[in-house]
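Biologist: I would like to learn how to read a protein fold step by step. Could we go through one together?

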Amino acid sequence: MRSLEAEASPLLGDIESVLLEEARIRQRVQELGHQISHEYKDLDPLFVGILKGAVLFLSDLLRAVSIPSTVDFMAISSYGAGTKSSGVVRILKDLDHPIADRHVIIVEDIVDTGLTLRYLLDNLQSRKPASLRVCVLLDKSEQRQLPVHLDYVGFSIPNRFVVGYGLDYAEHYRNLPFIGILSPEAVQRGSR
Ligand code: 5GP
Ligand code: MG
Ligand code: MG
C-alpha cells in the first residue's frame, strides 16, 4: 500500500503555503465548542451545517459540544463557478425539519462578501426561530459587501483563496486536513 504522504502529495503540490495548521484548527474548534456549550446550556441548539464546505468543521465542532443538541443540513449553490461568489443563491437541499422556536446556529465554512450568509440569515429568520446565530470558521472581511454579524469566528484571514478542511476549488482539496492558499498555477489550471 502506498503511504498516506505519497497519496496526498499531488494535492500538496498545488498549495502555495499553509495558512492554518491542523493542530491550530483543532485547538480553535475545541474552544468554539466549549463556548457554545456554555452559552447554549439548556437551550438544545440546532446546528445547521451548510453543505458541503462546512462538513469537516461541523463534525469536529459537534464533537467539542457537550450539551444536548441536534443537527440539520442545507445545501446551497452560489451561481458562478471559480473563486468568486455572485450572491445569487439557490437552495439545493432544504432543512429536513421546521426551525420555529428552535435556537439555531448556522455553521458555515467561510464568509467573504457576505452575500451568501445574508441570504441564509434572511431565509432562516423568516421561519421564526427562537434565536439565530452564526458560527463561521473563516472570516475573510476585506471584500465584505453586506454587513453581517458573526457570533462565533474561528479565524480572520486575509483576502486570499483558501482550500482544505472542507473548502474546495472545483470540488477538490476538501480532504486536506489543514487550510492552505492555492497556488496561482492550480487556480489557472481550473481543476485537477
Ligand atoms: P460570500 O457569499 O460571502 O462571498 O462567499 C461565501 C461562499 O463563497 C463560501 O461559502 C464559499 O463557498 C465561497 N468562498 C469564498 N471565499 C472562499 C475561499 O477563499 N475559498 C473557498 N474554497 N471558497 C470560498
Ligand atoms: Mg459555504
Ligand atoms: Mg465552493
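Modeller: Gladly! Keep in mind that this is a predicted model.

Biologist: What share of the contacts with a separation of 6 or more comes from residues 24 or more positions apart?

Modeller: For this count we take the contacts in the protein with a separation of 6 or more. Then we ask how many of them join residues 24 or more positions apart, and that share is 66%.

Biologist: What pattern do the helices and strands follow along the sequence?

Modeller: Let's begin with the parts: the protein has 5 helices and 9 strands. Read along the sequence, they give the pattern α-β-α-β-α-β-β-β-α-β-β-β-β-α.

Biologist: Why can the protein be called as compact as a globular protein of its length?

Modeller: The C-alpha atoms fill a box of roughly 50 × 35 × 30 Å along the principal axes. For 192 residues the globule rule gives 16 Å, so the protein counts as that compact because its radius of gyration is close to this, at 17 Å.

Biologist: In what order do the strands of the open sheet lie?

Modeller: This sheet has 6 strands with mixed pairing. Its edges are strand 4 and strand 7 (152-156), each pairing on one side only. From one strand to the next, the twist averages 30°. Reading across the sheet, the order is 4-3-2-5-6-7.

Biologist: Which residue is the bridge partner of Ile76 in strand 4?

Modeller: Strand 4 pairs with strand 3 (residues 70-78) in the antiparallel sense, over 4 bridges. Ile76 has its partner in strand 4, and that partner is Ile91.

Biologist: How many of the 5 residues of strand 4 are buried?

Modeller: Buried here means that 20 or more other C-beta atoms lie within 10 Å of a residue's own. Across the whole protein, 28% of the 192 residues pass that test. Strand 4 (residues 89-93) lies largely in the open, because its number of buried residues is 0.

Biologist: Which strand gives the most residues to the largest nonpolar core?

Modeller: Nonpolar side chains tend to be buried together in soluble globular proteins. Here the largest nonpolar core has 38 residues, and Phe57, Ile105, Ile106 and Val107 touch the most other members. Among the elements giving two or more residues are helix 2 (22-39), helix 3 (55-63) and strand 5 (103-111). The top contributor, with 6 residues, is strand 5.

Biologist: Which residues does Val107 touch, leaving out those up to four places away in sequence?

Modeller: Val107 is one of the core members that touch the most others. With residues up to four places away left out, its contacts are Phe47, Val48, Gly49, Ile50, Ala54, Phe57, Leu58, Leu61 and Cys135.

Biologist: Which elements do the buried residues of helix 3 pack against?

Modeller: Helix 3 lies across strand 2, strand 3, strand 5 and strand 6, and runs at about 155° to strand 2. Its buried residues include Leu56, Phe57, Leu58 and Leu61. These buried residues pack against helix 2, strand 2, strand 5 and strand 6.

Biologist: Which exposed residues sit on the face of helix 4 turned away from its buried side?

Modeller: First find the buried side: Thr116, Leu117 and Leu120 are buried in helix 4. Seen down the helix axis they fall within an arc of 90°, so they line one face. The buried residues pack against strand 3, strand 4, strand 5 and strand 6. On the face turned away are the exposed residues Asp122 and Gln125.

Note on methods
Residues numbered from 1 in each chain as written. Chains lettered and ligands numbered in written order. Predicted model: local features only at pLDDT ≥ 70, side-chain atom pairs only at ≥ 80, totals over all residues. Core = buried A, V, L, I, M, F, W, Y, C linked by C-beta atoms within 7 Å. Buried ≥ 20, exposed ≤ 12 C-beta atoms within 10 Å, placed from the backbone. Contact = placed C-beta atoms within 7 Å. Rg over C-alpha atoms; globule rule 2.2 N^0.38 Å. Pairing = 2+ DSSP bridges. Axes fitted to C-alpha atoms, helices over the stretch in contact; angles between N-to-C directions. Arc of directions from axis to C-beta.
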